[in-house]
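Reader: Hey, got a minute to go through a structure with me? I'd like to start with the ligand site.
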Amino acid sequence: MVSLIVHGGAWNIPDALLGAHRDGCASAVGKGWGILSSGGTAVDAVEQAIRVMEAEGTFDAGRGSHLNADGHVELDASIMEGRSYRCGAVAAVRRVLHPITLARKIMEESEHILLVGPGAERFAVSAGMTLCKESDLVMERERALWKSVNAKSGFTAKHAFSKHPGDTVGAVAIDRSGNICVGTSTGGTLNKYPGRVGDSPLIGCGSYAENGIGGVSTTGWGEGMIKIVLAKTIIDHMEENGKDPQKAADYGIDILHKKVDGKGGVIVLNHEGRVGFAFSTPRMAFAYMTQEMNEPRVEV
Ligand code: ASP
């Protein structure tokens, strides 16, 4: 069954921001579904759905990302497809509006998997991408948020997912050929130490796809997710427990809490295009569409 699920972060999304999160997730699913339903590939659907959210300005990805402790954006992303285990990832780039596209180019056009910082930006240019100005990605809302936490001693990213935003975006799709693709894109945690890299660009932590089993994209406190290799842990659970995506999603969020006291959310598809999702934050923004549905379900 062809299907697509996207997320736009897990935290205590305030009522005033619900509409923007809903609209952003709905646009992303609409874009990706248009590709999948007309016979397009899961890789194209995931890349294009995430590009919508990176450009939106609502999410912590591309334009509108959180600032690090020095007041700069540093963006991370990953993409993986489950037929061949091909994957690509990028971390700590400052002048790339669409890190998901750069991750795809690294997957398809380089011999490497993860490029960071200036080397990644150099590769982007050599692969035909145009770099933006860092200021194109910085929004006034984020500058003000950063000032408010930067001035406070004792702010830690771990606690950001209740009061402060965690608006990473992700998508998982399965196409007509049964190929599964997963992508995740983020500005990382608010006020992070410069050079900090979270779970989102790490294959197995933020994204994982394996045909015949499923795909997972995660969001939340990255340090906790890295410790338990969350995305791959959920895939392994699916493989060993009847490939039930909902049980695997619940299991992932449960052990995130039990083993490392972490909070976050996950979206999951299994090999049949069935959907699972779970979160331990007050809210998670997500949307999905499958061949069995008449219209997408959008939830915040
Ligand atoms: N997981 C991301 C990180 O730690 C943040 C998020 O999901 O909002 O970089």
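Author: Let's take the ligand first and then the cysteines. This is a predicted model, where local features need pLDDT of at least 70, side-chain atom pairs count only at pLDDT 80 or more, and totals for chains, interfaces and linings use all residues. Residues are numbered from 1 along each chain as its sequence is written, and side-chain values use heavy atoms, with hydrogens and water left out.

Reader: Cool. How many residues surround the ligand?
Author: 12 do, counting any residue with a heavy atom within 4 Å of the ligand. Thr168, Arg196, Asp199, Thr219 and Gly220 are the closest.

Reader: And how does that shell divide into nonpolar, polar and charged?
Author: You get 8 polar, 3 charged and 1 nonpolar. Gly counts as polar in that scheme.

Reader: Which polar side-chain atom lies 2.8 Å from a ligand oxygen?
Author: One from threonine 168. Threonine 219 also has a side-chain N or O atom 2.6 Å from a ligand oxygen, and a polar backbone atom of glycine 222 is 3.0 Å from one. The protein buries 100% of the 270 Å² that the ligand exposes when taken alone (Shrake-Rupley areas, 1.4 Å probe).

Reader: Switching topic: how many disulfides are there?
Author: 0, with a disulfide being two cysteine sulfur atoms within 2.5 Å. For cysteine 87, the nearest cysteine sulfur belongs to cysteine 181, 11 Å away.

Reader: Is cysteine 87 buried or exposed?
Author: Buried, because its relative accessibility is 9%. Buried means under 20% relative accessible area, exposed over 50%, and partly exposed in between, using a 1.4 Å probe and protein chains only. Cysteine 132 counts as buried too, at 17%.

Conventions:
Polar contact = N/O pair within 3.5 Å; in protein donor to acceptor, adjacent residues only side chain to side chain.
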